[in-house]
Amino acid sequence: MDWLQSLRLIAPEETLSIAGLVLLLVAAWGGDKAARLISVASVAALVGAAFLVMPALCGGAMGPDAQAFGDQYRADAFASFAKLLIYGAAAASLVIAPAFFDRLRAMRAEYPLLILFAALGMGMMVSASNLLTLYIGLELNSLASYVLAAFLRSDDRSAEAGLKYFVLGSLASGILLFGISLTYGFTGTTSFEGIRVALEGGLSHGALFGIVFMLAGLAFKISAVPFHMWTPDVYEGAPTPVTTFFATAPKVAALALTMRVALDAFGPQSDAWRQIVIFASLASIVVGALGAIGQANIKRLMAYSSINNVGFMLIGLAAATPAGASAMLVYLTIYVAMSLGGFIAILMLKDEAGEPVEAIAQIAGLSRTRPGLAAALAMVMFSLAGIPPLFGFWGKFVVFQAAVQAGLVPLAAIGIAASVIGAFYYLKVVKIMYFDEPADVVKGRSDWAHQALLVLATVFISPLGYLLTKWLGGLADVAASALFLAA
Amino acid sequence: MSGFPILSLMLLVPLVAAIACLFLEAKPARALALAATLVDFMLGVVLWANYDIGGAQWQFTERTALFAGFSYALGIDGIALMLIMLSVFLMPICIGASWTSIEKRVGEYMAAFLLMETLMIGVFAAQDLYLFYIFFEAGLIPMYLIIGIWGGQDRIYASYKFFLYTLLGSVLMLIAMLWMVNEAGTTDIPTLMAYDFPAKAQTWLWLAFFASFAVKMPMWPVHTWLPDAHVQAPTAGSVILAGVLLKMGGYGFIRFSLPMFPEASAQFAWLVFALSMIAVVYTSLVALVQHDMKKLIAYSSVAHMAIVTIGLFAFNTQGLEGSMIVMLSHGLVSGALFLAVGVIYDRLHTREIDRYGGLSINMPHYALFFMLFTMASIGLPGTSGFVGEFLSLGGIYQVSSWVALVCTTGIILGAAYMLYLYRRVAFGEQKHADAAAMPDLSLREYLMMIPLGLAVLWMGVYPESFLAPMRADIAALDARVARARPEGDAKLAMGKGKPAHEAEAAHEGAH
């Protein structure tokens with residue numbers, strides 16, 4: 001593999017790095033006045049990177065042609081699928097930010113830069129085919145995220161969120177690193193390919209511990225139970241555009257990374273990790289659903305909802321089949337759209353003075369004062385609950401289909417029965433918006449960028465989304481097959 | 001008419017109108033909703049007129065592979081045709097029933113109803129398993145909103161209960177469907193109806209489907225959402241709930257449980273019989289002591305639905321035909337009864353039976369219609385109720401005389417609670433001045449009552465019109481389940497008739 005070929009394969013990362021570094025200089029000299037310019041340039045860089053990854057996805061790149069630097073990095077269809085979602089979500093988080101930060105005079109130049117570097121790290125995470133690439137990508141993303149969580153420096157909640165995220169995130173990184181070292185020690189290699197070959201012969205106790213610790217570390221990143229505690233606090237405390245970012249892009253990156261580690265590197269020993277994934281999945285579904293019921297803050301509610309949704313996605317991982325992986329990717333796509341829609345709607349909840357409204361009680365009767373916004377939020381809620389004909393149902397559907405095809409009928413039955421618990425709190429939000437007397441708090445005007453994105457997300461999760469199922473399923477199938485080349 | 005996508009058009013008309021209603025003021029929204037439902041009714045009439053009795057089993061089929069994993073496939077047989085007719089017939093009446101009683105958020109209300117109509121037709125017309133599920137489940141959202149926004153005092157509790165109960169029932173069915181498609185390799189309902197699943201798997205599949213349909217039906221003991229939902233829903237909501245939504249459970253049994261899992265259906269027939277017998281007796285007794293008119297009719301619905309389930313699981317043509325007629329008749333009659341309650345509720349704003357009395361004096365025409373529907377609910381010969389119940393019970397008698405015996409008490413109890421209700425409301429003294437001052441039916445109410453009354457009489461006098469389209473399909477279903485048919489308990493044996501002269505000789509010898 002010559003260097004030129006490798007450098008060509010990492011073109012999206014190069015684009016983002018160079019754009020990031022150049023814009024860093026612009027920020028250094030231009031100051032916060034240049035924030036808007038940098039935002040626009042960052043979005044352009046992300047869009048450019050998205051165009052660069054598209055050929056690999058459409059062409060179904062996989063195998064040796066897609067490996068760079070001696071198989072430390074793979075620019076295959078799977079990575080491209082995840083990157084498209086990541087870049088899209090990151091760009092959306094940039095577009096929605098100015099309207100929120102401007103009011104606080106906090107639209108600083110660092111925000112787009114941090115998002116850009118986080119996106120770069122996430123791109124490396126999903127492309128990693130070596131434990132070291134994995135860790136570098138993960139840390140690049142995490143460090144940017146810690147700062148983003150604390151972006152509103154003068155706000156206590158934001159600072160607290162950043163600190164919590166940092167402390168718990170470092171702990172998780174440590175656990176992950178411990179797992180990586182065990183895996184390296186017992187398999188003698190850091191490359192996924194090598195680990196796969198080593199594990200095909202059998203599983204030593206040490207390697208099993210390696211798997212357990214690595215999955216524990218990754219479970220933290222995807223906020224699966226029992227490593228979910230940070231999620232509600234960070235989601236609530238972080239500025240809403242940042243929360244939007246956390247709920248979408250890093251989720252995709254961490255889940256895609258988990259998929260590659262579990263299905264590719266640890267693929268031969270799927271029976272060993274399946275029970276861990278099944279436990280995490282069911283626990284996430286139940287804890288996410290029960291935890292959300294008592295929440296009074298809508299951002300916290302969305303945090304529990306994301307825990308709940310991760311549980312459903314893990315059902316696809318437990319299947320450990322190409323269909324399961326493909327289903328997870330479809331679910332992720334729909335989930336990103338639902339989360340974006342949900343958080344943008346939350347961003348649009350503002351009182352007369354423009355202060356954000358986050359208490360669920362204050363959106364009572366929203367359907368009478370702001371019917372469009374209420375309808376969009378209600379659609380997001382029903383969609384998150386997985387009620388057909390909204391598109392959120394399709395995500396759950398394909399995941400459960402994969403589980404049933406893999407013979408995991410009891411898991412699917414328990415998981416879907418538990419989803420009814422989750423439906424309760426989504427209904428509560430709809431009930432408050434539609435059945436209760438108006439509290440008449442939400443009066444603020446909405447930014448046009450928010451409106452446009454909200455309309456886009458809502459149309460996607462509406463029944464019209466089903467028209468995309470063939471196309472989306474086809475892409476996801478190609479992407480997922482890249483993980484199962486050796487199998 | 002072949003090739004013209006009339007079923008899609010029937011789905012589209014209310015859907016488009018629903019979206020339009022969201023943006024309209026109260027008055028045009030009402031008019032548009034009425035127009036759309038009437039157009040859909042006309043289309044239904046065209047559908048029935050063009051339905052070829054004795055022709056292909058599935059007619060008006062449409063199939064487009066629009067989605068991954070399942071296709072947009074529509075098509076109807078006689079059973080579906082009748083249920084679609086019931087839906088499109090009741091819808092304009094529902095809109096009429098909400099003409100004046102719904103004053104707030106009229107556009108949204110009409111939109112929810114029209115959306116309901118699309119979904120109901122979709123449920124009965126879907127020929128793809130997953131498409132069916134989507135339509136079946138999607139109905140929860142508009143119904144949740146209808147109960148929750150426009151319902152009575154305890155509407156929030158009722159809407160939650162309705163939603164979560166039915167959702168829990170259906171999600172298990174989804175897992176069963178996924179398994180079935182994985183096993184059979186197709187999502188096509190007609191193909192699946194002829195597919196023989198392994199007997200062991202059938203048990204689980206049947207239970208999963210039963211969880212859904214039993215809740216929807218509803219069967220005792222999972223019926224408790226129904227009285228709450230009925231009582232709290234606005235009048236038109238109750239009509240559509242009792243008239244059509246409950247039929248989805250019965251339709252599910254007849255379309256899925258019986259033909260797809262005949263062995264399991266036979267295996268669990270005892271369960272259905274036991275639950276139905278309890279339901280008939282228990283809910284009838286509960287209905288006897290109700291003070292709330294709507295609650296009384298709601299409980300009577302549970303009892304009538306139990307007659308449907310025993311007929312379905314009788315495994316013979318008579319029982320199946322009876323069940324279908326009970327479903328259609330109950331759709332008309334319970335809808336009409338809820339409407340009758342709605343008429344006086346609109347005047348006095350209470351459903352308390354004691355607040356009325358002697359209505360036949362000041363509202364003679366109303367009392368006449370109410371009497372007709374009461375009699376139809378009891379099952380008086382000449383009304384639709386009689387035909388269905390007679391056939392159903394006749395069907396079950398061939399299987400088990402005990403079940404028939406217990407369930408027939410339902411007719412007696414039904415007569416008791418309905419007549420008791422009627423006496424308290426329409427006869428006796430005019431105890432309350434405000435009730436005595438209520439005016440008789442208005443023109444709008446006549447327009448709703450008369451078609452219902454005529455339909456009830458038509459079905460009672462000449463049920464053949466309704467049975468004819470379904471006969472071939474029910475015969476096919478009967479043939480399908482024949483292999484699992486349970487032995488009847490009557491043990492009928494052909495007697496050996498004595499030759500006439502011997503009998504005479506014996507007679508003479510006695511002298």
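Of the 511 residues that make up chain B, 64% count as buried, where buried means under 20% relative accessible area, exposed over 50% and partly exposed in between, with a 1.4 Å probe and protein chains only. This is a predicted model, in which local features need pLDDT of at least 70 and side-chain atom pairs count only at pLDDT 80 or more, while totals for chains, interfaces and linings use all residues. Residues are numbered from 1 along each chain as its sequence is written, chains are lettered from A in the order in which they are written, and side-chain values use heavy atoms, with hydrogens and water left out.

Chain B contains 23 helices and two strands, taken as DSSP runs numbered from the N terminus, with helices being H or I over at least four residues and strands being E over at least two. The radius of gyration of chain B is 23 Å, close to the 24 Å that the globule rule gives for 511 residues, so chain B is as compact as a globular protein of that length; the radius is taken over C-alpha atoms, and the rule is 2.2 Å times the number of residues to the power 0.38. Along its principal axes, the C-alpha trace of chain B spans about 85 × 70 × 40 Å. Among contacts (heavy atoms within 4.5 Å) in chain B between residues at least 6 apart in sequence, 82% join residues at least 24 apart.

Two stretches of chain B carry domain annotations in UniProt, both from an unreviewed entry, and such annotations may be inferred rather than shown by experiment. The record places "NADH:ubiquinone oxidoreductase chain 4 N-terminal" at residues 61–120 of chain B, a span that is 58% helix and 15% strand, with its end C-alpha atoms 17 Å apart. It places "NADH:quinone oxidoreductase/Mrp antiporter transmembrane" at residues 126–411 of chain B, where the span is 80% helix and 0% strand and the end C-alpha atoms lie 35 Å apart.

In chain A, UniProt places the feature "domain: NADH:quinone oxidoreductase/Mrp antiporter transmembrane" (unreviewed entry) at residues 128–422; this span of chain A is 78% helix and 0% strand, and its end C-alpha atoms lie 34 Å apart.

A single residue of chain A gives a local view. A19(A) lies in helix α2, residues 11–30 of chain A, and is buried, with a relative accessible area of 17%. Leaving aside neighbours within four places in sequence, A19(A) is in contact with A45(A) and L116(A), while A41(A), 22 residues from A19(A) in sequence, is 8.1 Å from A19(A) in space, C-alpha to C-alpha.
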